[in-house]
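The exercises below are to be worked with the sequence and the model side by side. Each sets a task and then solves it in steps.

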Amino acid sequence: MNVLSIYSRSTLDLSLDLSLDLTSNIRGLPVDRQILEQAMQAKDPRFDGRFFIGVRTTGVYCRPVCPVKSPRLTNVTFFQTAAAASEAGFRPCLRCRPESSPGTPAWAGTSTTVARGLRLISEGALDDSSVEVLSERLGVTSRHLGRLFMEHLGASPKAIAQTRRLHFAKKLLDETTLPMTEIALSAGYGSVRRFNDHIKQVYGRSPSDLRGRVHRQYGHRTGTFLIRLPYRPPYDFAGVVGFLGIRATPGVEFVADGIYARSVCVDGQYGALSVEQIPDKHQLLCNIDIDSAQHLMRIVERIRRMFDLNADPLEIGCSLSRDKKMKAVVARNPGRRVPGAWDPFEVAVRAIVGQQVSVKGATTVMGKIAQSYGEKSDGRLYFPTPESLSMLDVDKLPMPRARASAIRDMALGVVKGTVDFASHNPAMLVNQLTAIKGIGPWTAQYVAMRAMNDPDAFLSGDLVLRRVASEKLGIDTEAELLERSQRWRPWRAYAGMHLWSMASD
């Protein structure tokens with residue numbers, strides 16, 4: 001495939017062929033090297049985080065958007081992930097700060113085990129445990145897991161975890177005035193000594209020396225942390241906030257003036273957060289109000305998933321556009337995202353409540369559930385825990401008794417472990433949920449899409465999707481829609497969001 005003739009560095013006229021080439025396995029180098037070289041020289045933010053550039057003469061690895069003059073092509077090695085570049089002996093560039101790039105999306109849709117492993121690692125599975133324990137949770141041997149990670153990411157699980165800690169610690173060094181001890185613990189190092197040793201090993205200088213090089217324009221005050229999270233353009237932030245806003249649980253979360261805000265509880269620590277967009281910098285600004293930085297990295301990871309920041313709109317759009325009729329649908333908003341959820345249990349309750357009622361009606365009922373069973377602290381209302389809703393009185397809510405019973409039974413399943421959101425296995429979760437009386441396939445798939453961030457979840461039985469598919473795609477039955485959706489894999493959730501948006505328009 002010759003894509004050089006359709007790539008213009010001056011106009012950055014990216015085509016479907018270029019995008020598909022760039023989503024191939026970079027480490028194995030079936031990608032035409034010239035494609036990567038041109039993408040590097042273009043310094044376009046749409047490629048940020050899709051690959052990294054090791055510069056042999058300096059020993060650093062950079063993002064494709066690094067502001068320094070592009071190195072000689074003979075001195076460059078390309079890597080699929082930052083961890084792969086680090087494993088090869090390169091250190092992060094202090095100018096473009098690889099820790100500030102959007103998440104690497106290359107694994108999406110390629111390996112369920114890798115996807116689940118990455119999510120568990122992002123939640124700290126290797127901070128105080130071993131690769132062997134992680135492998136057991138994933139149902140594979142540690143050797144096989146290592147092979148999968150090397151195949152899809154070019155780095156081992158341990159290297160991925162170490163790079164994750166390093167990048168988050170460097171981000172806190174640059175963007176906050178947190179004490180070194182809090183940075184070390186927040187980034188999952190376990191001790192200041194391990195933190196100092198790793199920083200010195202990678203950067204050749206102490207954390208204090210690194211911090212002295214940076215002029216922080218934003219930071220934190222006691223109990224409040226300001227963190228900036230990057231995304232790849234285009235990004236329909238208004239669409240995500242609008243989706244979350246009309247479904248916001250009264251008293252727990254709200255949207256006003258384009259800012260999303262909610263109360264949060266992480267391992268018994270109460271607080272709040274708000275998220276707004278900084279469009280000219282392709283970033284979201286997160287204001288996190290919580291007493292300790294101990295769970296800060298987990299909170300940031302949840303926000304990233306909630307706002308779908310790891311998505312690669314170029315790859316998704318090009319993949320869906322191979323269906324000619326979907327191409328026009330995607331072109332209406334190439335920045336469409338699939339909104340996630342702050343808490344999987346909370347969105348599962350929302351999905352059950354929302355069965356066969358309007359969005360507005362479901363929102364009203366969610367507010368009553370929060371008021372009746374949630375906790376109140378420091379003037380904030382927090383969504384009920386599974387333990388609380390497992391004792392729900394099914395006769396005291398303004399909803400059908402069968403549906404209230406499904407909420408109670410689902411909450412009881414979470415308490416007993418028969419419903420496991422922590423497994424990050426969408427297929428298993430769907431089976432666990434549909435085993436509960438009153439929860440059907442639509443509800444289970446909706447939960448998988450939002451709680452598990454499953455990019456391939458598809459609500460083929462949704463009446464709105466079927467109506468739009470009939471009007472726009474000429475598909476009249478659910479069976480036909482399900483068959484047609486095979487063309488959209490592994491991004492069927494995004495296809496569904498595009499079709500839903502057309503209904504609201």
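**Exercise 1. Determine which way the residues of strand β1 point and whether they are buried or exposed.**

Solution. In this predicted model, F52 and G54 point one way from β1, while I53 and V55 point the other way. The next step is burial, and here the two sets agree, since all four residues are buried. The pattern can be set beside a general expectation: in a regular strand, side chains alternate between the two faces of the sheet.

**Exercise 2. Place β1 in its sheet, and find which strands lie at the edges.**

Solution. Begin with the order of the strands, which is β3-β1-β2-β4 in an open sheet of 4 strands with mixed pairing. The edge strands are β3 (76–79) and β4 (91–92), each of which pairs on one side only.

Next, take the neighbours of β1 in turn. Strand β1 (residues 52–55) runs antiparallel to strand β2 (residues 60–62), and 3 bridges join them. Within this pairing, I53 has C62 as its bridge partner, and G54 stands opposite Y61. The pairing of β1 with β3 is likewise antiparallel and extends over 4 bridges, with V55 standing opposite V76.

Finally, inspect the connection between β1 and β2, a hairpin with 4 residues between the strands, in which G59 takes a positive phi near 80°.

**Exercise 3. Decide why C62 and C66 are in no disulfide, although each has another cysteine sulfur to compare with.**

Solution. For C62, the nearest cysteine sulfur is that of C93, at 3.9 Å. For C66, the nearest is that of C96, at 3.8 Å. A disulfide requires the two sulfur atoms to lie within 2.5 Å, so neither distance qualifies. The structure as a whole holds 0 disulfides. As to their surroundings, C62 counts as buried because its relative accessibility is 8%, and C66 is buried as well, with a relative accessible area of 4%.

**Exercise 4. Identify the largest nonpolar core, and say what lies apart from it.**

Solution. The largest nonpolar core has 111 residues, and those with the most contacts inside it are I288, I303, F307, V349, L389 and M410. Apart from this core lies another, of 26 residues, which includes Y61, L145, L153 and A155. Such grouping can be read against a general tendency: in soluble globular proteins, nonpolar side chains tend to be buried together.

**Exercise 5. Trace the aromatic cluster that contains Y235, and classify its pairs with Y231 and F237 as stacked, tilted or edge-to-face.**

Solution. The cluster is formed by Y231, Y235, F237, Y260 and F307, and the count for the structure comes to 12 aromatic pairs. Taking Y231 and Y235 to begin with, the ring centres lie 4.5 Å apart with 35° between the planes, and the pair is tilted. The rings of Y235 and F237 have centres 6.2 Å apart and planes at 45°, so this pair is tilted too.

Burial can then be added: Y231 counts as buried at 5% relative accessibility, Y235 is buried with a relative accessible area of 9%, and F237 is buried as well.

A separate step looks for charges over rings. The charged end of R247 sits over the ring of F243, 3.7 Å from its centre, and that of R302 sits over the ring of W342, 4.6 Å from its centre.

**Exercise 6. Describe the salt bridges of E99, D127 and R408, with the burial of their residues where it is known.**

Solution. A search of the whole structure finds 27 salt bridges. E99 meets R97 at 2.8 Å, N to O, and both residues are buried.

D127 forms a salt bridge with R165, the closest N and O atoms being 3.1 Å apart. This pair links distant parts of the chain, 38 residues apart, with D127 in the loop between α4 (112–122) and α5 (131–138) and R165 in helix α7 (residues 157–175). R165 is buried, with a relative accessible area of 7%.

For R408 and D409, the closest N and O atoms are 3.4 Å apart. R408 counts as partly exposed at 28% relative accessibility, and D409 is partly exposed with a relative accessible area of 29%. As a last step, salt bridges that share partners join R97, E99, K170, K171, D174 and E175 into one network.

Terms used: Residues numbered from 1 in each chain as written. Predicted model: local features only at pLDDT ≥ 70, side-chain atom pairs only at ≥ 80, totals over all residues. Heavy atoms only, no water. Buried < 20%, exposed > 50% of the residue type's maximum accessible area, 1.4 Å probe, protein only. Core = buried A, V, L, I, M, F, W, Y, C linked by side-chain atoms within 4.5 Å. Phe/Tyr/Trp six-rings, centres within 6.5 Å; stacked < 30°, edge-to-face > 60°. Lys NZ or Arg CZ within 6 Å of the ring centre and 35° of its normal. Pairing = 2+ DSSP bridges. Salt bridge = Lys/Arg side-chain N within 4 Å of Asp/Glu carboxyl O.
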